[in-house]
Structure formats: structure tokens, C-alpha cells
Amino acid sequence: MSLELLLIIAFGGAIVTYLLGKISCRIREGFAVLISLSLVVMIACLYGENGTESIYFHFLGLPLIMRTNMLSWFFAMAVSALGALSVIFSLNYMKNRERTDFYYLMLLMVNASMLGIIFSGDLISFFIFWEMMSWSTFLLISYNRGPAVAAGLKYIIMSIIGSMAMLVGVLSLYATYETLNMATLAELIGSASSGYLLFLLIIFSIAFAIKNALMPLHTWLPAAYAEAPTPFNGVLSGMLTRMGMYGFLLIMYVIVGATRALNLGSGLFKFHYILAWLGAITIVIPTFIAILQDDAKKLLAWSAVGQGGYMIVGIAVGTNLGLSGGIFHTLNHAIYIVLLFMCVGAIQYRTGGERDLNSLGGFIKKMPFTFIGTLLGISGLVGIPLTNGFVSKWLIYKTLILEGYPFLAFAALIGTWGCILYCYKFIHHIFLGQLPGKYQNVQKAPFSMLLPMIILSFAILFFGILPGIPLKIIDTIGTSFGFKSMNVTIWGIASETGTLNTINIFAAVLIVSIIAWLMLKIGPKAVSVAQEDTYAAGAAIPKDKYHYTVDFYNPLYRMITPYLKDFIDAFYMKFAHWIQSLCNGTRRVYTGYVGNYVMYIVLFLALLIFIRLKWSL
Amino acid sequence: MKDPLKDKLTSAFDGIQIQPADRNQISITANKESILSVLSLLKSNGYNHLALISCVDWIEEKRFELVYILSAYMEKDKHFTDMEKTNIILKTSIYREKPQFISAIPIFENAEPYEREIHELYGIHFEGHPRLTPLFLEREYKTPPFRKDFDTRKYVSDVFDPIPFVGKKADKR
Amino acid sequence: MQMIEMILSPLLALIIGIFFLGLSRKIMARIQWRYGPPITQPVIDVIRLFSQKSVSHGKLFNLGIIFSLAGSLVLVLFLPLAQICPLSGSGGMLVILYMMLLAPLGIALSGGESANPNTSIGISRKFILALGYEVPLLLILLALMTHYKTISIVHIVSIQQNTGWAFVSLPLLLSGIAYVLILPAILGIRPFEVVQASQEISSGPMAEYGGPFLALATIQHALSLFIGIALFVNLFLGGAGNLLIFFLKMLVVFVLVLFVNAALPRLRIEQAVKYLWRWPTLLAFIGMIIVLIVRR
Amino acid sequence: MDRNQLIKWLKAPAKMGHKYSLHAVYFCTGCGIIEVPPSITARWDAERFGVLPVATPRQANLFLITGYVSVKTLRAIIRTYEQMPEPKYSVGFGSCPINGGMYWDSYNTIKHLDKYIPIDGWIAGCMPRPEAIFVAVTHLWTLIDKDMADGYKRYRDHYQAYRANQEHALGKLEWPPLFSNETKS
């Protein structure tokens with residue numbers, strides 16, 4: 001099954017769905033689902049192949065190569081699976097919206113370009129697909145006009161800066177080594193001086209850090225996530241932002257190679273150590289900003305920025321545990337952030353686009369399945385022992401502690417406790433508490449929205465209880481990068497410095513929960529009561545006024561808000577205004593009247609003559 | 001306080017009597033038309049705190065007597081002047097049949113709850129009062145309960161006694 | 001053998017926890033010159049609560065309290081109780097850290113479901129206080145783990161058996177003192193009783209708990225008392241050879257903490273977090289620096 | 001005081017549990033609440049009998065109605081009584097809840113509290129001293145032993161009558177009836 005066929009199906013499918021859309025929307029949706037599912041199946045049966053290279057096109061004399069290895073298979077599986085789920089999710093969500101053909105075209109285009117990035121074997125096709133992905137994302141973010149266009153602009157400007165940085169790196173590589181094929185580059189790079197390696201790493205990591213929203217370059221993410229249409233949010237937050245992670249892995253471990261990348265720089269100022277510290281800062285500050293948010297999607301956006309830090313810390317630490325923790329966390333984070341965005345989408349679908357956390361409440365009575373999905377989603381996000389988030393965080397913490405980076409581990413752990421606060425705020429404001437009057441007759445989410453949620457919730461628990469399956473694949477990725485393999489068993493990691501056995505934990509929790517349930521059964525059966533029958537010091541419950549959500553962590557807000565003003569965004573805005581005024585200045589010089597230009601020439605000549613006369617006398 | 005203010009009062013209003021009540025209280029009785037101007041005069045002369053408005057129902061003389069009690073806020077960190085020690089009890093009386101009076105809110109805003117209470121318990125209507133809604137009572141009463149002609153025993157036997165006992169006691173009775 | 005341990009350690013924890021509850025009410029009474037209830041009063045309360053027909057606000061209301069009690073019981077399995085440590089080989093300190101947030105999350109979910117602002121305020125205070133004492137606690141635990149270069153608590157206890165208590169070993173002295181300063185916050189008692197402040201927010205998350213729910217909540221509270229003190233004894237006072245010494249060490253620590261509980265009034269939540277983020281964090285930070293220097 | 005007779009515990013744990021762990025709702029309904037603080041603090045210490053004030057009616061099984069009951073407070077008393085879990089006991093302090101006491105002819109006090117919510121025990125005295133409260137507690141023990149403290153059963157059986165009386169005295173009640181009519185007994 002050659003890779004070109006795969007890409008042709010992916011891109012062709014996108015265009016065909018657009019055309020089918022002209023005929024009837026039912027066929028278009030069916031075809032879109034068919035395409036994405038077939039992509040998943042095709043990639044699944046690509047499992048074994050390693051390093052199959054196939055030149056499919058020549059561009060300016062350079063061979064464009066497609067190749068696959070375990071790393072690309074892993075990311076491709078995740079991209080296609082999440083792409084299929086979000087297409088299924090958007091069937092209902094986009095039912096009565098305008099320009100849905102354009103939406104489906106762009107969604108499938110984004111999925112296809114991501115697959116292109118993953119399977120590209122040389123840097124030129126990598127760059128082409130990267131640009132294609134950025135542009136289709138920009139069009140999708142600014143899908144529902146108004147503020148979305150501003151968010152899209154912010155996104156596209158920053159990703160263009162990233163792509164230009166990458167282009168500089170690609171050209172410098174081509175200049176020194178005449179070839180852009182990654183495999184050959186990996187061998188030739190050995191001869192490069194450490195200074196050049198450092199330059200390469202920095203240039204490429206600027207592009208990937210912008211895409212992965214590392215701390216100083218993260219400002220596009222909250223606006224983009226908040227304004228993008230929610231089904232696309234799943235793809236955007238799940239795998240698209242994690243293309244930066246794929247890029248980091250590519251540049252640090254595939255092209256530059258692990259040994260060289262890990263001892264660039266000296267002592268405390270090693271490249272990977274600074275990158276780890278950037279990741280640690282990215283964990284802490286966005287997590288505390290997420291606690292302040294009152295908009296559901298903004299809260300999830302800041303949490304996605306925070307969780308990105310874990311992945312960076314994982315791969316930047318440079319041990320096999322850290323690397324597998326980082327990659328596994330990329331997959332886990334993709335699963336539960338897509339699940340949480342789908343829950344927000346289901347709520348929006350049922351309440352007519354309501355996103356403000358303070359005007360929702362008590363939805364557990366009306367949408368129980370969405371509640372279960374959100375509960376599993378936030379338990380994965382927090383890292384509760386039976387969910388997949390816990391396993392990847394356990395790996396990262398273990399390596400941080402044993403390698404002797406306690407302050408990095410401290411930043412990561414504080415991120416988790418901050419994460420609990422906004423996770424509970426998210427689920428409490430939407431699902432618990434009093435149901436407002438106007439949402440009394442809200443029905444369940446439609447099945448086409450619930451199906452992806454059920455699959456993802458199952459995935460969270462499945463990977464949480466039996467982490468051996470994904471960890472085995474990740475271990476082979478680690479060994480392909482030259483790391484020592486950790487002995488992965490079905491139930492976790494078995495190593496002398498501390499084993500993880502999730503099946504023991506699962507069995508213990510299961511038995512003990514049954515015991516606790518029996519203890520509750522000792523007492524007489526409880527009478528279930530309506531939400532109005534609750535303690536109010538003897539008074540009757542005021543309608544729609546007995547729900548506490550505004551300023552939920554008020555004592556904490558007062559303490560942390562002064563430190564959390566978004567300095568970086570403000571700095572970028574000031575910088576942008578400064579450049580704009582600079583441009584205005586030059587515009588005033590080139591006014592476009594010929595007279596001015598003649599005057600400039602005359603003046604300049606006069607100046608030259610004057611200098612000539614003055615010095616020559 | 002006594003002389004300058006007393007002369008000012010007697011000169012400004014006719015039909016006003018001023019006599020010292022007990023230790024440091026002065027009771028002033030004025031007719032109902034001049035009440036507001038007396039209040040504003042007293043307020044400008046330092047008695048800027050309206051402590052209370054209450055009402056007495058003289059049913060034999062067919063009149064309600066409204067009592068305004070004024071006192072002075074103590075100036076910050078100054079020694080007690082004798083003015084601050086004295087309270088002024090301003091009395092006026094209105095006819096009982098049509099209980100009608102003007103509200104003192106323009107001069108003292110904090111008169112609002114007192115007048116609401118008097119309206120609820122005595123049935124005196126105050127013009128210019130923003131909201132004469134019920135303040136304490138749970139239920140409507142044909143004659144306001146604090147009036148002398150409100151017969152509590154009859155009210156209790158009408159409202160509470162007919163309610164039957166429940167369970168064993170009811171069977172015995 | 002392992003199966004017997006699996007049953008024995010939660011049972012032991014339950015008995016000791018409920019005994020501690022009864023003891024705390026007795027000691028508090030004696031400090032206030034009162035005669036005080038019998039030691040077995042919590043047992044009487046639990047029996048009475050189980051016989052009452054309570055009110056429930058939905059399935060999550062039931063599942064939440066079950067989930068929180070299960071979380072505490074499972075956490076006990078990870079704690080070494082003087083040679084009894086059933087689940088020592090599956091995750092070590094990191095699992096304990098993460099298990100400690102199961103119980104509050106369970107009560108938070110069921111409290112939230114009871115649709116009462118008092119419970120929501122109680123829960124938000126609980127998480128803020130947890131964030132408050134988690135900052136120094138994480139620094140202390142990381143200092144311990146980097147000092148002993150292990151993440152399994154059984155290993156830490158065995159090292160302390162032969163090299164003496166961590167509390168008195170020089171590099172960890174400051175961390176030990178910081179831990180003592182935040183112990184009342186971890187146990188949720190008087191100076192930091194902001195969560196179940198029965199006067200202000202009508203006992204916070206427990207406002208809507210009736211008969212059996214309140215019984216499970218009391219048992220969970222007893223267990224969390226046990227866990228907080230057992231963790232301290234294991235990490236800093238070197239665990240114990242046999243059960244009796246372990247129990248005695250816990251008793252001494254508990255009585256001392258009770259005196260603090262009896263003497264101090266309840267802090268406001270801002271004061272609590274300001275205090276927690278100032279002195280204990282400073283001590284824990286310096287302790288961490290010392291551990292890193294000693295490690296170099 | 002048969003608290004430590006083990007046989008009784010094994011025979012009827014629920015009854016013994018209720019006897020020796022009476023958690024009272026800390027709800028100040030009238031003037032008698034001034035007697036409760038001294039009875040729970042150092043000098044008279046109610047906790048040695050297992051009596052403890054708790055914050056919400058959900059956690060309680062004893063409801064002390066201390067002193068006269070005004071019409072407004074009756075609304076809150078009914079709401080609190082209905083929110084207590086099932087085996088619950090209520091004790092009236094002083095003569096005012098019995099028959100109105102010295103406010104027998106007042107327009108806004110409730111005369112016979114027993115018409116609105118069932119009362120299991122009365123304590124005489126215009127505010128009984130703490131010793132009288134403990135006598136009442138021990139008396140309540142004997143009532144519980146002899147199954148005579150069945151106020152909550154009376155409330156459930158005659159709920160329609162109680163509800164009618166309440167609506168007669170207070171007009172419209174904002175909360176639905178506790179027992180819908182089909183759960184007759």
C-alpha cells in the first residue's frame with residue numbers, strides 16, 4: 001500500500017466531498033466519514049513497514065520522498081483516528097450552518113496535510129505540507145467571521161514567522177549538504193560543528209515552539225481555540241498543535257541525533273536543559289491563567305498550553321523514560337482534550353452556543369452521557385491513577401526525580417494541582433449545581449456526537465489500565481532513536497528503581513469501591529429529591545439564584561491576578577504597533593508624487609557635490 | 001443650647017411649647033403643619049440624627065401622636081458639649097379618622113423604615129414615601145394591629161382556634 | 001500472605017482512625033474543662049447514622065461519596081504500616097501523591113451534585129487550601145526523594161531504619177520542620193478548618209449529607225486523619241519495626257497536633273494560604289537547596 | 001444510662017444509637033436558645049450524653065424548639081423539620097410552644113405548635129435551665145426505648161392534616177408537600 005495512494009485519497013477525498021456537497025449534504029457527510037475511516041484503516045495496516053522510501057515527484061531538481069517509520073506511524077494513527085472522530089462529531093454540529101461544504105473541505109484538507117507532514121521524508125515536502133496545514137487552519141479558525149478573523153490573523157502571522165524560520169534552516173541545510181533527504185542528512189550532520197548544530201536546533205525549534213505554543217510564543221492559542229468552530233477545535237487542539245511535538249522529535253532525535261542534541265552547550269546552559277525549563281514555565285503559568293477563565297473554551301485553551309509544557313519537559317530531559325513519557329503524553333493529551341472540546345460542543349449544540357461558565361449549571365440531570373465523558377476527560381487531564389494521563393505523568397516525574405531535576409518536577413507537580421482547580425471549576429459550573437430555568441427542556445446530545453465521546457472515554461480508561469500496549473510502540477520509537485529500551489509489560493513499567501502496575505491499582509480500586517458501595521447499602525434506601533429541596537437555613541430556594549459559580553476561587557484570584565497579567569501578549573502588541581508606526585514613517589517618505597522623487601534626487605546630488613567640494617579643497 | 005435655640009423656635013413658629021422633660025431631654029410640641037420646618041431648623045442647629053419616629057394612639061381624644069426623637073452626632077475627638085448630651089422629643093398630633101401625614105424623608109432619609117413600620121402597624125399614610133410596603137407582618141389585617149381598637153382576643157379566636165388538633169389529641173377532643 | 005495483608009491494613013487503618021476521632025473529641029473536651037463523650041462516641045454516631053433514612057440528590061451524589069471512601073481505602077494499601085505494605089510494588093510515592101486527591105475529588109463531585117452554594121463554597125475552599133499546602137508538601141517530598149534517590153516509600157522507610165530518622169538527619173531537618181508546620185492543613189483541623197467550617201458555611205461539602213452518607217463521610221475523615229499522620233511517621237520518623245511502636249509514634253504526633261487544634265482559632269482562607277505559601281514554603285525551599293548541595 | 005451494656009447494643013443497635021448520639025439542629029427558633037450554649041460548654045457539657053449541635057438539619061435527629069414560635073419562624077421550623085432524616089425527635093422548651101404561654105392572645109405567635117409539627121417532648125419552665133434539658137434528654141431516652149417518641153410516624157400518617165393546618169396558618173407554602181398523598185402510611 002504505497003504512501004502516495006494514501007495522500008491522493010486524502011487530498012482527493014477532500015475535494016470530492018466539496019463537489020458532492022453541491023449535490024446533497026447527506027452524500028457529502030457520508031463520503032467525508034467514509035474517507036476518514038478508510039484513511040484510518042489504511043494507516044493501521046501500515047504498521048510493520050519501516051523506512052520504505054518512494055520518490056513521487058521532483059521539485060526544482062530535488063526528489064520529494066515519502067517514508068514511514070514507527071514514529072510517523074504512531075502520529076499518523078493518532079491524527080487519522082482523531083480526524084475521523086471529529087468529522088463524525090461535526091455531522092450534527094454543522095447541520096444547519098452555512099458554508100458547510102467549505103468547512104468539510106478545509107477539515108479534510110487539514111487532516112490530509114498533517115498526514116503529509118508525518119509521511120514526508122525530506123524537508124521540502126515537510127515544508128510544503130506544513131504551509132498547507134497552516135493555511136487551511138487559518139481559513140478554518142476564521143470560519144465564523146467577526147472576532148474569529150482577528151484570531152485567525154494572529155495565528156497565521158505567528159505561524160508564518162515560524163515557517164520563515166524553518167525555511168532559513170532548510171536553505172542553510174541545503175547550502176551545506178546539497179541534499180534535503182532526512183535519512184542522508186542524519187549521517188552527514190555528524191561532521192557539523194556544534195555551533196552550527198545549535199543554530200539549526202534554535203531555528204527549527206522556533207517554528208515548532210510557535211506551533212506547540214511554548215511559553216513565550218503561545219499568545220495565538222487562546223484566541224484561536226476560543227473562536228474556532230468546536231468540532232475543528234478537536235482536531236486543532238488534539239493533533240495539529242502537537243505537530244510541533246513531531247517537529248521537535250524529528251529535529252532533535254531523527255536529524256541531529258540524540259547523543260549530539262543532548263550535549264549541545266555546557267553545564268547549566270545545555271540546549272535541552274533550557275528547553276526543559278521553558279516547558280516547565282509553560283506548565284505553571286498558563287495553568288494558573290486557566291483558573292481565572294470564565295469561558296469554557298478559553299479555559300480549555302489555556303489548559304492545552306499548560307499540558308504542552310509536560311510534553312516538552314518529557315522529551316527535553318533526554319532519557320528513555322522521559323521521551324516515552326512525553327510521546328505518550330502527546331497521545332493522552334490529544335485524547336482527553338478532544339473529548340472535553342466535544343463535550344463543550346455538545347453543550348453549545350443543545351443550548352444554542354452558550355459558552356459562558358457562569359450561566360450554565362445542573363446539566364448532569366439533562367445530559368448524563370456528556371457528563372460521564374467530561375468526568376473521564378478531566379480525570380485524564382488531572383492524571384487520576386486509573387486514567388492514561390497518570391501513566392505518562394508518572395513516567396515524566398520518575399525520570400525527573402531520578403535524574404536529579406527536582407525543581408522541574410516541582411513545576412510539573414504544581415501544574416497538576418493547578419489543573420485540578422480549573423478541571424473541577426469546568427465540570428462544576430456546567431454539570432453540577434442548580435439547573436437554570438431556561439434550560440429545563442434540554443435533551444440529551446445526539447448519538448452522532450455521543451459516539452466519539454464514548455470511544456474516547458473508553459480509550460482513556462483502556463490506556464490507563466493497560467498502558468503496556470501503547471508503551472510498547474513508544475518503546476520501539478525510543479530504541480529507534482538510540483535510547484536503551486525500558487522493559488514494558490502489559491500493566492506498566494517493571495524496573496528496579498520503582499515499578500508501575502496499573503492492574504494492581506485497578507483491581508484494588510474496584511474491590512474497595514464494591515466494599516464502599518455495600519457499606520452504603522447497609523443504611524435504608526435514600527429518598528431522591530429535586531434540586532429545590534436543599535438546605536437554605538429554613539428558607540425556600542430562590543429560583544435561578546441559588547447557584548455559586550461567579551468568582552469561584554475568589555480568595556485565590558485576589559492573590560495571583562496581579563502576577564498573571566499577560567505581559568507577553570502586551571509586549572507583542574506594543575512591538576506590532578511600533579512596527580506599524582515605523583511603516584507609516586516610510587510611507588510618508590514614498591508619497592508617490594513624482595515631484596517629491598525629483599526633489600529627493602536633486603537634494604541628494606547637492607549633498608554629494610557639497611561633500612566632494614568640502615573634502616577635496 | 002437652651003436660650004438661643006428656644007428663642008429662635010418660639011419666634012419662628014406660633015403654637016409651639018418647649019419644656020424640659022427629665023434630666024437631659026427637651027420635649028417640644030408643635031402643630032402638624034410646621035413639623036417639617038421645625039425638623040429642618042433643628043437639623044441645621046446640630047441635631048442631625050433622627051433616632052426614632054414612633055406613634056401613640058390616643059383613642060379617647062381621637063388623635064394619633066407622632067413622636068420624633070432627635071439627637072446630635074458627637075463631633076470627632078472633641079469633648080462632649082452639653083448640646084450632644086440632650087435629646088429633643090418633638091411631638092405632634094393628627095386626626096385619627098383620616099390618618100394622613102407628610103413624610104420626613106426629604107430632611108432625614110433614615111426616616112423611611114420608621115414611617116413604613118408606622119404605616120403597617122397604625123395605618124397612617126405618609127405622602128412622598130417611596131415604598132409603603134409591608135415590613136414585618138406575615139398577613140393582612142383589617143384594622144392595623146397596634147391600634148387600640150384592634151381586639152387581639154377576637155382575632156386569635158377567629159384565626160388560630162379553629163385550626164383543629166392532629167392525631168391522638170384530635171380523637172380525644 | 002499478601003491477601004491477608006490486603007484485608008488487614010485497611011481494617012487496621014479504620015480502627016486506628018476511628019479511635020483517633022474518639023480520642024480527639026475526648027482530648028478537646030478535657031482541654032475545655034469538659035467531661036467529654038466516651039472514646040467510642042464516633043462508633044455510636046456511625047451506628048445511629050446508618051439507621052437513618054437520608055436524602056440523595058442523584059446517582060452522582062451516591063457515587064461521589066463511595067468514590068472518595070474507596071480512594072482513601074486504596075491509599076491506605078500503598079502506605080507501609082510497619083512491615084505491612086500490600087501494594088508496595090505498584091507505583092510508590094507518586095501514586096500516593098495522586099491518590100491523595102481522589103478523596104477530595106469524590107466529595108467535591110457529590111457535594112457539587114447537591115446543588116447547594118454552601119457546598120460549592122466549601123469545595124472551592126478545599127481546593128484552594130489543597131493548592132496552598134501542596135506547594136510546600138511537594139517541595140518536601142521531592143527533597144526526600146532526591147535525597148534518598150528513590151520513589152518508593154518502602155525503600156525510604158528501610159533506609160531510615162538503618163541510617164536513623166529523616167527528621168533528625170541534617171539535610172532533611174528543615175523539610176521536617178516545614179512538614180510539621182503544614183500538618184494541620186493536611187489533616188484539615190482547627191487552624192485550617194476552613195473546609196468544614198460548620199459555623200460559616202454549615203459544614204461545607206457535608207451540608208447535604210444525611211444518614212449513611214454522613215457515616216461514610218465520617219469514616220473517610222477518620223481514614224484521612226490516619227493517612228496524614230501515617231505518611232508523616234513513615235517519611236520522617238522512620239516507620240517502625242512492629243505495629244505497637246508505629247501506633248505509639250502516631251499517637252504522639254496526633255496528640256501534639258491536637259493541642260495546636262485546641263488552641264488556635266480558625267484562619268480565613270486567604271490568611272491560611274498566605275501563611276502556607278510564606279514560611280513553610282521558604283523552609284522547604286531551603287531544605288531542597290541543602291539536599292541538592294549535599295547531593296553534588 | 002445503659003450505654004455500655006453490650007447485649008442491648010447487639011439486640012437493638014439502631015435504638016441505642018439514637019439514644020446516645022442525639023445531634024441537635026443548631027437553629028435558634030426563640031428566646032430559649034440562650035440556654036443551649038451553657039448546656040454544651042464547660043459547666044454542663046451536653047456532649048457527655050452524646051448531644052452535639054450540628055450545622056444542618058440533614059445531619060441531625062433532634063430538633064429543639066426553644067421558646068415562643070412567631071408566625072414567621074414557623075415557616076422556617078416546618079422547612080427544617082421536613083429536611084431532617086427520618087427517625088427524628090423534636091422537643092419544645094417552655095410553655096409558649098405548648099399553648100402560647102404569656103403570648104396567648106398575641107396576633108403573631110403560634111399558640112399550639114403541636115397542630116403544625118409533631119412534638120415528642122415538652123420541658124416546662126419559662127426557659128428551662130440546662131439541668132432541666134438533661135432531664136428531658138434522659139426522659140427522651142426512655143421514650144425512645146418504649147417506642148413512644150414516634151412524632152415522625154405521626155407526621156407521616158397524618159401529613160394531610162398537618163399540611164392543611166400549616167397552610168391555614170401561613171397561607172401559601174413555597175415548597176411541595178413532603179409526602180405526596182399516595183404514600184398514606
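**Exercise 1. The contact of chains D and C**

Task: Find how many residues of chain D are in contact with chain C, and sort the chain D side by residue class.

Solution: Start with the count: 19 residues of chain D are in contact with 26 residues of chain C. Next, sort the chain D side, which divides into 7 nonpolar, 7 polar and 5 charged residues. Keep in mind throughout that you are working with a predicted model.

**Exercise 2. Which chains meet, and where?**

Task: Work out which pair of chains shares the most contacts, and describe the chain C side of that pair.

Solution: Step one is to rank the pairs. Of the 4 pairs of chains in contact, chains A and C share the most contacts. Step two is to count residues: 68 of chain C are in contact with 59 of chain A.

Step three is to see which elements of chain C supply that side. Those giving two or more residues include strand 1 (55-56), helix 3 (59-78), helix 10 (211-236) and helix 12 (269-295) of chain C. Helix 6 of chain C gives the largest share, 17 residues. Step four is the residue classes: the chain C side divides into 40 nonpolar, 21 polar and 7 charged.

Step five looks at the backbone. Strand 6 (residues 527-528) of chain A pairs with strand 1 of chain C in the parallel sense, over 2 bridges. In that strand of chain C, C:Val55 is the bridge partner of A:Val527.

Now for the pairs that do not touch. The nearest C-alpha atoms of chain A and chain B are 14 Å apart, while those of chain B and chain C are 23 Å apart.

**Exercise 3. A tyrosine in chain A**

Task: Decide whether A:Tyr424 counts as buried or exposed, and find its contacts beyond its sequence neighbours.

Solution: First, place the residue: A:Tyr424 is found in helix 18 (residues 406-431) of chain A. Next, apply the cut-off, under which a residue is buried if 20 or more other C-beta atoms lie within 10 Å of its own. A:Tyr424 has 24 C-beta neighbours inside 10 Å, so it counts as buried. Last, set aside neighbours within four places in sequence; A:Tyr424 is then in contact with C:Ala108 and C:Phe127.

**Exercise 4. Two helices and a hairpin in chain A**

Task: Describe how helix 3 and helix 20 of chain A cross, then describe the hairpin of strand 1 and strand 2 of chain A.

Solution: Begin with the axes. Those of helix 3 (residues 70-93) and helix 20 (residues 468-480) of chain A come within 9 Å and cross at roughly 145°. The crossing is left-handed. Helix 3 of chain A contributes A:Met70, A:Leu71 and A:Phe74, and helix 20 of chain A contributes A:Ile473, A:Thr476, A:Ile477 and A:Ser480. These contact residues divide into 5 nonpolar, 2 polar and no charged.

Turn to the hairpin. Strand 1 (residues 54-59) of chain A has 6 residues, of which the number buried is 0, so this strand lies largely in the open. Strand 1 of chain A runs antiparallel to strand 2 (residues 62-66) of chain A, joined by 5 bridges. One of the bridge pairs is A:Ile55 with A:Ile65. The hairpin has 2 residues between the strands, and A:Leu60 takes a positive phi near 50°.

**Exercise 5. The build of chain B**

Task: Judge from the radius of gyration how spread out chain B is, then trace its open sheet.

Solution: Take stock of the elements: chain B has 6 helices and 7 strands. The radius of gyration of chain B is 21 Å, well over the 16 Å that the globule rule gives for 173 residues, so chain B is more spread out than a compact globule. Its C-alpha atoms fill a box of roughly 75 × 40 × 35 Å along the principal axes. Buried residues make up 18% of the chain.

Now trace the sheet. The open sheet has 5 strands in the order 1-2-5-4-3, with mixed pairing. Strand 1 (17-20) and strand 3 (49-58) of chain B each have a single partner strand, so one side of each is left without a neighbour in the sheet. The twist averages 20° from one strand to the next.

Zoom in on one edge: strand 1 of chain B runs antiparallel to strand 2 (residues 25-29) of chain B, with 4 bridges. There, B:Pro20 has B:Ile26 as its bridge partner. Finally, helix 4 (residues 111-122) of chain B lies across strand 3 and strand 4 (63-71) of chain B, at about 10° to strand 3.

Terms used: Residues are numbered from 1 along each chain as its sequence is written. Chains are lettered from A and ligands numbered from 1 in the order in which they are written. This is a predicted model: local features need pLDDT of at least 70, side-chain atom pairs count only at pLDDT 80 or more; totals for chains, interfaces and linings use all residues. Axes are lines fitted to C-alpha atoms, for helices over the stretch in contact, and angles run from 0 to 180 degrees between N-to-C directions. A crossing is left-handed if the near helix is turned anticlockwise from the far one by less than a right angle, and right-handed if clockwise. Two residues are in contact if their C-beta atoms, placed from the backbone, lie within 7 Å. Ala, Val, Leu, Ile, Met, Phe, Trp, Tyr, Cys and Pro count as nonpolar, Asp, Glu, Lys and Arg as charged, and the others, Gly among them, as polar. Two strands pair if DSSP finds at least two bridges between them. A residue is buried if 20 or more other C-beta atoms lie within 10 Å of its own, exposed if 12 or fewer, and partly exposed in between; C-beta atoms are placed from the backbone. The radius of gyration is taken over C-alpha atoms; the globule rule is 2.2 Å times the number of residues to the power 0.38.
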